[in-house]
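Student: I would like a close look at one part of this model, with numbers where they exist. Please start from the part itself and then place it among the rest.

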Amino acid sequence: MSIEEIILAKEQRLEDIPNEFLTSVEKLQKDILKTILKYVGQLEKVGDKLKVSARNFEISAQIVEELKKIIVGEDYITAVTSFAKQFDTQAEMSDKYFAKEFTGFKTSDVADAVLQNAKTNAIGALIDTTPKTRFIDPLKSLLDQQISSGAGFGEMVDNITTYAIGDKEVDGKLLQYSRQIAHDTFAVTDRAYTNAVATELDIEFYQYFGGLVRDSRPFCETRHGKFYHYKEIEKWGEQGDWAGKMPNTNSQTIFILAGGFNCRHSILPRSLFSVPKDVITRNISNGNFKPTDKQKAALHI
């Protein structure tokens with residue numbers, strides 16, 4: 001693969017790999033709804049309304065226990081495991097990029113440690129944290145509220161269905177939260193790995209490169225495809241808030257957090273010979289870059 005093909009493939013994977021995982025989550029939501037409705041059919045009613053009874057609260061608790069089994073079941077664990085393996089594949093593609101862009105590149109133990117830590121955190125969020133705190137616990141509250149208020153049975157079924165699988169306007173809750181986690185963890189990990197390698201290589205210039213999506217924020221649109229010195233990028237992290245900016249974004253973390261939530265861009269290290277001459281001269285003029293005599297000769301500046 002050429003360096004251009006590697007770059008494009010890496011960026012496309014920031015979209016495709018999380019979406020493959022989310023397809024599995026969407027299927028899981030349908031299984032979840034079937035389980036919920038099986039137990040909901042056993043709820044005691046008075047006419048067309050739910051009965052406020054101990055038996056109904058017991059059924060609510062049963063539903064929660066059955067959902068826990070699904071979310072730690074084989075299908076979901078397989079989907080998460082497959083997703084996690086793609087973090088390693090992405091890092092391998094990054095290594096191929098570095099090997100072509102920078103002479104003498106060697107793999108980094110520090111970057112690998114960053115990668116493995118990020119993978120562990122992503123798996124924990126998808127298996128341990130998100131399903132319980134963002135799906136199961138709120139669902140239990142919703143069920144109990146419907147029972148406590150003696151809500152209409154049909155109304156309760158509609159509410160549960162929308163919660164579980166969504167409708168034309170919104171995703172189901174598990175898909176909704178998994179979407180953000182999957183895309184953000186995959187992109188942030190890719191940038192963190194890249195940044196760890198770039199730091200060891202003492203890179204000075206970068207390109208803001210990646211996919212523009214339908215709702216890309218102005219922060220990304222104005223920088224897309226452009227080249228910058230690292231000191232210029234550091235200043236972005238200290239500027240005021242912008243739409244989607246992640247908490248804790250500063251002059252150092254900007255290289256990892258980039259445009260913020262759901263950002264598909266990379267801050268890609270580039271060799272001096274890949275950087276447009278006007279970008280180099282701009283940063284010589286503003287004092288960011290002080291080329292050696294050897295660099296001046298090689299760049300004809």
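Are phenylalanine 219 and tryptophan 242 buried or exposed?

Tutor: Both phenylalanine 219 and tryptophan 242 are buried. The model is predicted, and every value below is computed from it.

To place these two rings, begin with the aromatic pairs in general. The structure holds 16 of them. One of these joins phenylalanine 87 and phenylalanine 186 in an edge-to-face arrangement, with 5.2 Å centre to centre and 85° between the planes. Phenylalanine 87 belongs to helix α3 (residues 74–101) and phenylalanine 186 to helix α6 (residues 173–201), so this pair ties together parts that are 99 residues apart in sequence. Phenylalanine 87 has a relative accessible area of 3% and is buried. Phenylalanine 186 is buried too, at 1%. Phe87 and Phe186 also belong to one aromatic cluster with Phe21, Tyr76 and Phe83.

The pair you asked about has another geometry. Phenylalanine 219 and tryptophan 242 are stacked, with 4.1 Å centre to centre and 15° between the planes. The planes count as stacked because the angle of 15° is under the cut-off of 30 degrees. Phenylalanine 219 lies in helix α7 (residues 218–223), while tryptophan 242 lies in the loop between α8 (230–236) and α9 (254–257), so the pair ties together parts that are 23 residues apart in sequence.

Phenylalanine 219 has a further partner: arginine 223 lies over the face of this ring, at 3.9 Å from the ring centre. A lysine is placed in a similar way elsewhere, with lysine 45 over the face of phenylalanine 153, at 4.6 Å from the ring centre.

Next, the sheet. Its 3 strands follow the order β4-β3-β5, and the sheet is open with antiparallel pairing. β4 (227–229) and β5 (265–270) are the edge strands, each with a single partner strand, so one side of each has no neighbour in the sheet. Neighbouring strands are turned by 35° against each other on average, direction ignored. Between β3 (residues 205–210) and β5 the antiparallel pairing runs over 6 bridges. In this pairing, tyrosine 208 stands opposite isoleucine 267 in β5. Helix α10 (residues 277–285) lies across β3 and β4, running at about 25° to β4.

To return to the question, phenylalanine 219 is a buried residue that stacks on tryptophan 242 and has arginine 223 over its ring face.

How values were computed
Residues are numbered from 1 along each chain as its sequence is written. This is a predicted model: local features need pLDDT of at least 70, side-chain atom pairs count only at pLDDT 80 or more; totals for chains, interfaces and linings use all residues. Side-chain values use heavy atoms; hydrogens and water are left out. Two strands pair if DSSP finds at least two bridges between them. Helices (H or I, at least four residues) and strands (E, at least two) are DSSP runs, numbered from the N terminus. Axes are lines fitted to C-alpha atoms, for helices over the stretch in contact, and angles run from 0 to 180 degrees between N-to-C directions. Contact means heavy atoms within 4.5 Å. Rings of Phe, Tyr and Trp (its six-membered ring) pair if their centres lie within 6.5 Å; planes under 30 degrees apart count as stacked, over 60 as edge-to-face and the rest as tilted. Buried means under 20% relative accessible area, exposed over 50%, partly exposed in between (1.4 Å probe, protein chains only). A charge sits over a ring if NZ of Lys or CZ of Arg is within 6 Å of the ring centre and within 35 degrees of the ring normal.
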